[in-house]
Amino acid sequence: MKKYSVLLVLWFSLWSCNNNSDTNLDTISPTIPLDIEASQITLNSVRLSWTASTDNIAIAAYNIYQNGIEIAQTQETSYVVGGLEANTTYTFSIAAVDSSNNESEQSETLEVTTKSENTRFKVLVFTKTAGFNHNTKSESVAMMQTIANAKNFDVVVDDTGTAFNSAANLLQYKILFFTNTSGNTLNQAQRNNVEAYAAQGGNFMSNHAASDAYAHSSATTVSGNGKEVWDWYAANVTGCSVRNNPNHTAANFNANVSINNQNTQLTRAISFPWNDNEEWYYWEAGYLNNTFTELLKVSSTGNNSYDSARMTAQYKIRTDGGISFYTSMGHAKNKYVDKDFVQFITNVVDFIFQ
């Protein structure tokens, strides 16, 4: 009898353990991924991104659905879908999976049309000034048109800001080029549209006086020129705000430019050190976003602390997938036909277009 009692106790213990295990199973699904967006749309690929889901235990991965069929899984909150056909419309949705393999409902579907085979890139050259006007508008446009003719893309020029009246209009452009722009040139709605363009992986190029617009509120020497109006611009488009009083060296000041961080794509076909004449900007007590990569540095231009060797070109590959590039060069009209400067800008275009 004792033998059977022991067996009964063992059976009950096992049953109890199994029963408790069943009650501890995670059956709660993650929340639905939100805000699915598309960027970097090409002939045969698209980058999808979304807001992270939450779960009572842990998110393990995200399932990618294309036209209702699961095609991939990733642990990130973005994914590049490849192997697509040109000029074709696809629908995408995302579902979250937790560590117990519970899957959320799929997100809202996003419709994406890939680029057409005959799609030509377009670059918007923005030349509006509301501060100092360097009178280089026609020269900078001519330079970009020369590059476009060689690289087979289209150039559109805006000197009024009307191109910024809708985010949808901006999204047709591969690059927005702020060339020697200055001061407060865009209204609040237009500024919002630029930020929406960036969120879709839009690309920015800017030069010289573009860092004299919308000075960052932390720039202690700066006043006016849109200071504190749009910190986002200084942080994300130029990555800098030139200081005031003094702003820069004399015009045509001779100095050497050297590579601070090597990027063979951006510096190809230029001999360094690059001896150049420029109006070299100062950054001390201005603003520099240290998340940008300092590409080129100009040698010391004097005995003041702000004259020390400093950034003259920088770039950033942003988390939204877009690229922002700025150079302080481009003061004088003749700069836009200078062989090395034109090569440098061509390199930037190629870097963004790749």
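Over which residues does pLDDT stay under 50 with zero contacts beyond four places in sequence? That's our warm-up, and we'll solve it in Exercise 1.

Before we start: this is a predicted model, where local features need pLDDT of at least 70, side-chain atom pairs count only at pLDDT 80 or more, and totals for chains, interfaces and linings use all residues. Residues are numbered from 1 along each chain as its sequence is written, and side-chain values use heavy atoms, with hydrogens and water left out.

**Exercise 1. Find stretches with low confidence.**

Step 1: Get the term straight. pLDDT is the predictor's confidence in each residue, from 0 to 100.

Step 2: Look at the whole chain. Its mean pLDDT is 92, and 93% of the residues reach 70 or more.

Step 3: Now check the start. Residues 1–12 have a pLDDT below 50, and this stretch has zero contacts beyond near neighbours in sequence. (Contact means heavy atoms within 4.5 Å.)

Step 4: Back to the warm-up. Residues 19–23 stay under 50 as well, and the model has zero contacts for them beyond four places in sequence.

**Exercise 2. Describe the surroundings of Lys316.**

Step 1: Place the residue. Lys316 sits in strand β17, residues 310–317. (Helices, H or I with at least four residues, and strands, E with at least two, are DSSP runs numbered from the N terminus.)

Step 2: Check burial and charge. Lys316 is buried but has no salt bridge, and Asp320, the nearest side chain of opposite charge, is 8.3 Å away. Buried means under 20% relative accessible area, exposed over 50%, and partly exposed in between (1.4 Å probe, protein chains only). A salt bridge needs a side-chain nitrogen of Lys or Arg within 4 Å of a carboxyl oxygen of Asp or Glu. For charge, Lys and Arg count as positive and Asp and Glu as negative, while His and the chain ends are not counted.

Step 3: See what Lys316 does have. Its side chain makes a polar contact of 2.9 Å with that of Thr291. (A polar contact is a pair of N or O atoms within 3.5 Å; within protein, one must be able to donate a hydrogen and the other to accept it, and residues adjacent in sequence count only if both atoms are side-chain atoms.)

Step 4: List the touching residues. Leaving out residues up to four places away in sequence, Lys316 touches Thr291, Phe292, Gly322, Ile323 and Ser324.

**Exercise 3. Follow two salt bridges.**

Step 1: Count. The whole structure holds 11 salt bridges.

Step 2: Take Lys137 and Asp159, whose closest N and O atoms are 3.0 Å apart. Lys137 is in helix α2 (residues 137–151) and Asp159 in the loop between β9 (154–158) and α3 (167–170), so this pair ties together parts that are 22 residues apart in sequence.

Step 3: Try Lys151 and Asp350, with closest N and O atoms 3.2 Å apart. This pair links helix α2 to helix α7 (residues 339–353), 199 residues apart. Lys151 is partly exposed at 36%, and Asp350 is partly exposed at 22%.

Step 4: Look for shared partners. Lys151, Arg268 and Asp350 are joined into one network.

**Exercise 4. Work out an aromatic pair and helix α5.**

Step 1: Know the rule. Rings of Phe, Tyr and Trp (its six-membered ring) pair if their centres lie within 6.5 Å; planes under 30 degrees apart count as stacked, over 60 as edge-to-face and the rest as tilted. By this rule there are 23 aromatic pairs.

Step 2: Apply it. Phe204 and Trp232 are edge-to-face, 6.2 Å centre to centre with 80 degrees between the planes. Phe204 lies in strand β11 (residues 203–207) and Trp232 in helix α5 (residues 231–238), so the pair ties together parts 28 residues apart in sequence.

Step 3: Check burial. Phe204 counts as buried because its relative accessibility is 0%. In α5, six of the eight residues are buried, namely Tyr233, Ala234, Ala235, Asn236, Val237 and Thr238.

Step 4: Ask what covers them. The cover includes β10 (175–179), β11, β12 (240–241), β15 (287–288), β17 and β18 (323–327).

**Exercise 5. Spot unusual backbone.**

Step 1: Recall the background. Most residues other than glycine have a negative phi, and most peptide bonds are trans.

Step 2: Find cis bonds. Asn245 to Pro246 is cis, with omega near 0 degrees, and a cis bond also joins Phe272 and Pro273.

Step 3: Find positive phi. Asp35, not a glycine, has a phi of about 55 degrees, and Ala285, also not a glycine, has about 65 degrees.
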